Amino acid sequence: MIPKYSETDTRVKLIEPALYRRGWTEEHIRREENAGGIYKVRGKWKREPKFVDYVLRVKVGNNAERVAVALIEAKKNTLPPDHGLEQAKQYAEAGRLNVPFVYTSNGYLFVEYDATTGLTSRPRPMAEFPTPAELRRRYEIYKGFQLDDEAARPLLTPYTGGDSVRRYYQDAAIRAVLERIAAGGKRALLALATGSGKTRIVVYLLKRIADAGQLHRVLFVCDRTELRDQATNAFQNVFGNDAQPVDGRNPRKNARILIATYQTLGVDTEDDDASFLIKHYPENYFSHIIIDECHRSAWGKWSLVLTRNPDAVQIGLTATPRQLKVKPGAPGVELDSQITADNLRYFGEPVYEYDLSQGIKDGYLAACEIQKGRVNLDDTGLTLEEIIPLFPLDPITGRPVPPEAIREWYEKTSYEDQILLPDREVAMSYNLFLYLLKTGGPEQKTIIFCVNDSHADHIASLMNNWYRQWCQKNNRKSCDHYAFKCTAASSGNDMLPDFRGSANDYFVATTVDLLTTGVDVPRVQNIAFFRYLKSPISFYQMVGRGTRIYEPDNKLVFRVYDYTNATQLFGEEFISDFAVKAELPVGDELDEAESGIEEVDEYAPIKRIEVVGFDVAISDAGRYIVTQVDGRDQPVTVEEYKQQVAAGLVAQAPDLRAFRQKWVEPDERQALLVRLPADGQSALLIRELENMTAYDLYDVLAELGYGMAPRTLQERADAFTYKHATWLNSMPAGAAETIRALAAQFARGGTEELENRYIWQTPAVRRAGGVQALRALGEPAEVLRDTKVRMFAA
């Protein structure tokens, strides 16, 4: 008869001794973690990190960074050794930890999944577990280099500040690039979701290369001064004055790391002559080149940065790697136009990927809730017979436009572009303002994506009007600057620091594409689409403005208000057709964020008319959550999402009694949660969406899966004291007071508070008698467990 161990006991009593006997000492083993659940209790943030049981790392030298080669998932000793292997394989197949070997073990036997071959072994005794030397040899064969090669030295160089400076996926991305370089590669593509810290990854990547003595001169290329300043701050925090921003007056050749914009280098547009780049930086001047947001247009000459430095290590960064479809015979297709537009052809497949859904699962990125609205005019379209009787005007001169001049101007997706509809603007802006009132008030950081510059002007004015009227009606003092336009044609760019930093002003930014890439505004809580989109690249870049978690503002979820069905682009591939660029009439601007590549054959001059008098209605088209479906980001309705979570819950615990039994055991509860959609983040998200932050997660799930009437934390603590009054009255007064104090701690923080290792040191528990008082009832840990069981009793 074998003993029955928890996962923790299995690790400590069986797996760790077996690994030690095979040569895996403490310095070879690391427990990686992600941010895990982030949730609010009584308005305070808490995190519950989730761990991978073991990451095995091989050691090359005494002071060298250990190199991750494998992971082990520990399971209870009473379960089969391959239990949970599919979950562990996801780490390898998705590349999340960038390790080729995956193991599961129950302490007696282990099963190996080899990601290099796709083969799974039969169960084998732990006495046969591979040694560090064996896994190192297999790793080196697979990667194509030896760890003691000179080219691999950066891979062995420790992080400045230790391992704690990075998140698990950032380390995995850095290792992936260093492995590519060590194997002789010169190009690497990193595809990571907006908000995941691409610049931080590059800084620590280059720092390790520098500390290995292999960094000479670096060029970091980005779009716009705002992004250059952000990157400069990040680099100077680590490299000091050895990192400098380049401007048109100073090439900064005395610094080792240069941060420059395409505009400064003279490679931003097809008409630029690259004079600054050519004059100041000879061919092969740089040893490393980083292209930030490398999905941007290939119309400029910025590929010269790469072609003039063919010997440099070249790294592309993006959340949306672009693939270019070139039509046969398309004019103007040249190598320097294609070389960087087709990311996958030039850089190769990404060496590491980390998408939005994974970031949400891990608790590093804010979850995305979608509120769809349908505009009646968009659904039905407009005919000339409806437009002409309303006497269309020229929006510039105010003169009537004759019917014969209107024909062939308009298609449905061109509202506010060819036909200006003030009634539609009023209805959409008011509908959005009402949603802001419903979800916390009007003073939320919000970005509205508009069709063009004049449309952004109109929407900003309307949002200001709704806000002022609301303040007057509610006797509220209004802020000085509520809504403002932020486009390339306006001075709104000067207001970005206030939009980012101010908590009391500059709440709504209307834009076309200026805020689509790179600009870091963690406070943004809402993204609104008032324009139609065809490009998944543009869409993901726009949505990415809301993905950052911002704990000071209690931001765990951001909302997308979709009036144009833009969110249908979730999960689409990042493919663009090559387009012929024609001259644009003065005063017009490109609407696509990647200016110069769009899904059209040519640009034509745009004529506009203004029509007033339509009856515009907006209907609620449902709430959605972004989750992974068949490996792609997809919106599903909130109800469907809840059904998925409920089904996953009932599959593991068929009734409330079984659920309660699992809930009171920490290991079983954690195993249950991680098998729910999004690795348990789904349960936390539902609690947030349903405004149930005053409830323990037990009550949220019990209602969802079993129809139990939920109790708030305080209600459950109160019910505990009267339901178990007989039990409490039967024990010594000190013990009873201590248990009541424990119940009060539950009311403050829920299940996690009862399992807090420091609960015995809390003042209320100590004053009541604490551990010593409970000894009258037996072992304090068992009394505490009994209290927890009774807390959730029916």
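**Strand E7 and its neighbours**

Okay, let's start with one pair: Val102 has Tyr113 in strand E7 as its bridge partner. Strands here are DSSP runs of E with at least two residues, numbered from the N terminus.

Quick housekeeping. This is a predicted model, so to speak: local features need pLDDT of at least 70, side-chain atom pairs count only at pLDDT 80 or more, and totals for chains, interfaces and linings use all residues. Residues are numbered from 1 along each chain as its sequence is written, and side-chain values use heavy atoms, leaving out hydrogens and water.

Back to the pair. Val102 sits opposite Tyr113, and strand E6 (residues 101-105) runs antiparallel to E7 over five bridges. Two strands count as paired if DSSP finds at least two bridges between them. E6 and E7 make a hairpin with three residues between them, and Gly107 in that turn has a positive phi of about 95 degrees.

What does E7 pair with over two bridges in the antiparallel sense? Strand E8 (residues 119-120). There, Asp114 stands opposite Leu119. That's a hairpin too, with four residues in between, and Gly118 in the turn has a positive phi of about 80 degrees.

Strand E9 (residues 124-125) also joins E7, antiparallel, through two bridges. Here Phe110 has Arg124 as its bridge partner.

So why is E7 largely enclosed by the rest of the structure? Because five of its six residues (109-114) are buried, meaning under 20% relative accessible area with a 1.4 Å probe, protein chains only (exposed is over 50%, partly exposed in between).
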